[in-house]
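Got your viewer open? Here's a short walk through this one, with a suggestion at each stop for what to select.

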Amino acid sequence: MCGIAGIVRFTGEPVEPELLATMTGLLTHRGPDAEGFWADGPVGFGHRRLSIIDLGGSAQPMAAVGDRHHICFNGEIFNYRQLREQMSYPFRTGGDTEVALAMFATRGVEGLQRLIGQFAFAVHDAQTGQLTLVRDRVGVLPLYYHFDATQLVFASEIKAILPALRRPPSVDHRSVADYLAGRSVPAPGTLFEGIRKLLPGHVLTASRAGRVLIDRYWSPPPLSEVRPVDPARAVDMVDAALQRAVQRATVADTPVGSYLSGGVDSSLVAALMTRQTDEPVHTFSVGFGPGPHDELPMARLVSSRLGTRHHELEVTPNDFADLWPALTWHRDAPVSEPADIAVHRLAQLAREEVRVVLSGEGADELFGGYPKYRLAALTSRIGVVPAWLRGPVFDQAQRTLPVGAHRLRIALRALGETDERARRDGWFAPFTERERRRLLGVARGEPGRLQPAAENDPLRGMLETDLLGWLPDNLLERGDRMTMAASVEMRPPLLDHELVELAFRLPSTVKVRDGRGKWVLKEVARRYLPAEIVDRPKVGFKVPLSDWFRGDLSTLAGDMLTGRDSFVGELLGTSAVRALLASHAQGRRNEEIRIWTLLCLEVWHEVFFRRQTHARPAGPAGALGVVPG
């Protein structure tokens, strides 16, 4: 993968090459192997390359035959060889970038339907003066932009846009409400006022005169395409589609490895990889020290069964304190998932052996893996209880729960929300809609995330909500940023769009079946993995934050959130923040997610607004003015 950046000026003012170099230089981690620039009057592209395919060729930005079209491309087209054979085009390179360029130059936006892969790119048409921005179907790769009356600026990461702005952006406070609602900001919003992210499956076009249009070119199959299917047949269909997806995801001219958590998703991906190559597959795992959430022993077991070359490391509280500012800079947003830092350390480990890693991302959102999906019907039907009664009843129920009943408390909070959208979002919400309204005066920003249409299938509606929102806005953003910070490309084969389309054509009854989530995928896994892996309870990438916030990180949290210059303290009120910290420290409630959410917002504000520089933070926690306890 790569880093891209560019400018189109509607005033006709020429783009300065040195500005493109500054913007692109902020993306060096995304492309340490090469850089390239192209400018033609009021339009200019900059590119940083991580060489994966056609290692010695395919320099960018790239011109089509005849020089009418220029492309600045980030990503991989997995079926580029097949498309190349089908096209009568005078190719000059052996890579996938030129295939994407040729497809667009000859077929326009319609050609996107033939691309299989993960991508975000820009194409400029010199004849019409039109700029086109494209983001892949499910949002594996990011693409941000800013436009006003004078220019449109785009880049793979927000930080590369900032040098081109007429004035520094301020905090978008409505997006802060969105962040507190879901630990991420739904597209097209960001926490930076005036900077947007292109929605997955969308195309943006900007005319020479500055007219900007955004259109959707892909969406998951509608409910009307779901057909009854024999469960055994569904297992065969998913098996075949997943094998194709893994095979496509290993297309590269450099070695490809796999993350391996010991859970069913990454283990299944690794198992299929080992069946498709004669060479040992490199696998990579992370742990957090001895305890109930340490998955290293299970990952070792899977590696032993599959015969992989296994590599592992442990993450400590010191890693969190040391890496927090730098990874916040890489993400351009709060490090909203505790596992972000572990994913980055894992990518650093992987970079010693490979440049590409496969992950199991997307399995839960496609096939119903989270515990909340088993309550999908209840989430929909609870709306018949009047709101004036539902809120107090669920609030009282939460207060009677023991401290350890964390998941049940989350369920009660979500079910007590005022409308179905809020209940769907509430499963991942650190703060409920009522809490956000009380603390900020606003519950959420503009309607951003694409909303599901499957109102008469509650499970499908919940899955579609997560596919279109939670996945690209949080988990995939995390995967891209944390791996690219180590100059490693992440590929999630479970999000191959043909597999996604198959999953959304399958009935919900083969996803959550007899109270078991991910039923159809686990039946596929039984063909390749031992039962002890397939049937073990879901653990997830669990970081022991609750203990750390009562121990090694407690002083850090208190200093940052209640200090005199705290952004969060000023935003929410120092007394409210102190009460939250005390509740956790004294063991009255497990507030780890809320504390983490607020800490990450504080670090983000420190990195991007107090430091007033685009450069990567040079030091560890000391750059924040605090040190770990």
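Which residue in β14 does Ser258 stand opposite? Select both strands and look across: Ser258 faces Thr283. Keep in mind as you go that this is a predicted model.

**Stop 1: strand β13.** Select residues 256-259, which make up β13. Val256 and Ser258 point one way from the strand, while Gly257 and Tyr259 point the other way. Whichever way they point, all of them are buried.

**Stop 2: the neighbours of β13.** Now add residues 282-287, strand β14. β13 and β14 run parallel, joined by 2 bridges. Next, add residues 356-358 to bring in β16. β16 is also parallel to β13, and 3 bridges join them. Ser258 turns up again here, with Leu358 as its bridge partner in β16.

**Stop 3: the helix.** Select residues 264-275, helix α6. Together with β13 and β14, α6 makes a right-handed β-α-β unit.

**Stop 4: two cysteines.** Finally, select Cys2 and Cys72 and show their sulfurs. How many disulfides does the structure hold? The count is 0. Cys2 is in no disulfide, and the nearest cysteine sulfur to its own is that of Cys72, 8.6 Å away. Why is there no bond for Cys72? Its closest cysteine sulfur is the one in Cys2, and 8.6 Å is too far for a bond, since a disulfide needs the sulfurs within 2.5 Å. Are these two buried or exposed? Cys2 counts as buried because its relative accessibility is 6%, and Cys72 is buried too, with a relative accessible area of 0%.

Terms used. Residues numbered from 1 in each chain as written. Predicted model: local features only at pLDDT ≥ 70, side-chain atom pairs only at ≥ 80, totals over all residues. Heavy atoms only, no water. Buried < 20%, exposed > 50% of the residue type's maximum accessible area, 1.4 Å probe, protein only. Helix = DSSP H or I, 4+ residues; strand = E, 2+ residues; numbered from the N terminus. Pairing = 2+ DSSP bridges. Right-handed = clockwise from strand over helix to strand, strands pointing away.
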